[in-house]
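Colleague: I have a model open and would like a walk through it. Can you keep it simple?

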Amino acid sequence: MSGDLIADLGAVSEPIVRMMAEGAVEHSHAHLSVAVTGVAGPDGGTPMKPVGTVHFATARTNDSVRHRMEMFDLDSRWEIQMAAVQTALEMLQERLRG
């Protein structure tokens with residue numbers, strides 16, 4: 001099924017990042033996970049998913065998956081990657097608090 005979702009929606013999408021986060025918890029000894037997928041550039045963007053589009057998800061054992069999407073309007077791949085890391089860490093902190 002996930003192969004069909006990737007073919008239909010692309011790897012940079014809400015359903016895919018949710019599955020990534022859920023899968024990390026289900027297939028490990030972790031109780032909390034974060035997943036990130038996006039287009040950091042400089043190439044690879046499309047009109048529907050321009051460079052800077054990043055989807056995030058956190059999953060926690062016995063809890064719902066939380067999703068967030070950001071459109072980072074930054075100048076370089078490195079800046080987009082660093083903004084994505086910061087966002088992912090913030091999401092993990094939020095989940096740890098409750």
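Modeller: Let's start with alanine 11. Alanine 11 has a relative accessible area of 38%, so it is partly exposed. Buried means under 20% relative accessible area, exposed means over 50%, and partly exposed is in between (1.4 Å probe, protein chains only).

Colleague: Where is alanine 11 found?

Modeller: Alanine 11 sits in the loop between helix H1 (2-9) and helix H2 (14-26). Helices (H or I, at least four residues) and strands (E, at least two) are DSSP runs, numbered from the N terminus.

Colleague: What does alanine 11 touch?

Modeller: Not counting residues up to four places away in sequence, alanine 11 touches Ile6, Ile16 and Thr37. Contact means heavy atoms within 4.5 Å. Alanine 11 and threonine 37 are 26 residues apart in sequence, with 7.0 Å from C-alpha to C-alpha.

Colleague: Before we go on, what sort of model is this?

Modeller: It is a predicted model: local features need pLDDT of at least 70, side-chain atom pairs count only at pLDDT 80 or more, and totals for chains, interfaces and linings use all residues. Residues are numbered from 1 along each chain as its sequence is written, and side-chain values use heavy atoms, with hydrogens and water left out.

Colleague: Zoom out. How many helices and strands are there?

Modeller: The protein has three helices and three strands. Along the sequence, the pattern is α-α-β-β-β-α.

Colleague: What about the overall dimensions?

Modeller: The C-alpha atoms fill a box of roughly 35 × 30 × 15 Å, taken along the principal axes. The radius of gyration is 14 Å, which agrees with the value near 13 Å for a compact globule of 98 residues. That radius is taken over C-alpha atoms, and the globule rule is 2.2 Å times the number of residues to the power 0.38.

Colleague: How many of the 98 residues count as buried?

Modeller: 32% of them do.

Colleague: Back to single residues. Is serine 13 buried or exposed?

Modeller: Serine 13 counts as buried, because its relative accessibility is 6%. Serine 13 is in the loop between H1 and H2. Leaving out residues up to four places away in sequence, serine 13 touches Thr37, Lys49 and His55.

Colleague: Now strand E2. Which residues does threonine 53 contact?

Modeller: Threonine 53 is in strand E2. Leaving aside neighbours within four places in sequence, threonine 53 is in contact with Val12, Thr37, Gly38, Val39, Met69, Glu70 and Met71. At 3% relative accessibility, threonine 53 is buried.

Colleague: Any polar partner for the side chain of threonine 53?

Modeller: A polar atom of the threonine 53 side chain lies 2.7 Å from the backbone oxygen of proline 50.

Colleague: And threonine 58?

Modeller: Threonine 58 lies in strand E2 as well, which spans residues 53-60. Threonine 58 has 1% relative accessibility, so it counts as buried. The side chains of threonine 58 and arginine 95 are joined by a polar contact of 2.9 Å. A polar contact is a pair of N or O atoms within 3.5 Å; within protein, one must be able to donate a hydrogen and the other to accept it, and residues adjacent in sequence count only if both atoms are side-chain atoms.

Colleague: What about glutamate 70?

Modeller: Glutamate 70 is found in strand E3. Glutamate 70 is partly exposed, because its relative accessible area is 21%. Its side chain makes a polar contact of 2.8 Å with the side chain of arginine 68. The C-alpha atoms of glutamate 70 and histidine 55 are separated by 6.5 Å, and the two residues are 15 residues apart along the chain.

Colleague: Any backbone oddities?

Modeller: Here is the background. Most residues other than glycine have a negative phi, and most peptide bonds are trans. Asparagine 62 is not a glycine, yet its phi is positive, about 60°. Asparagine 62 lies in the loop between E2 and strand E3 (66-71). With a relative accessible area of 81%, asparagine 62 is exposed.

Colleague: Which peptide bond is cis?

Modeller: The one from glycine 41 to proline 42, with omega near 5°. Proline 42 is in the loop between strand E1 (32-38) and E2.
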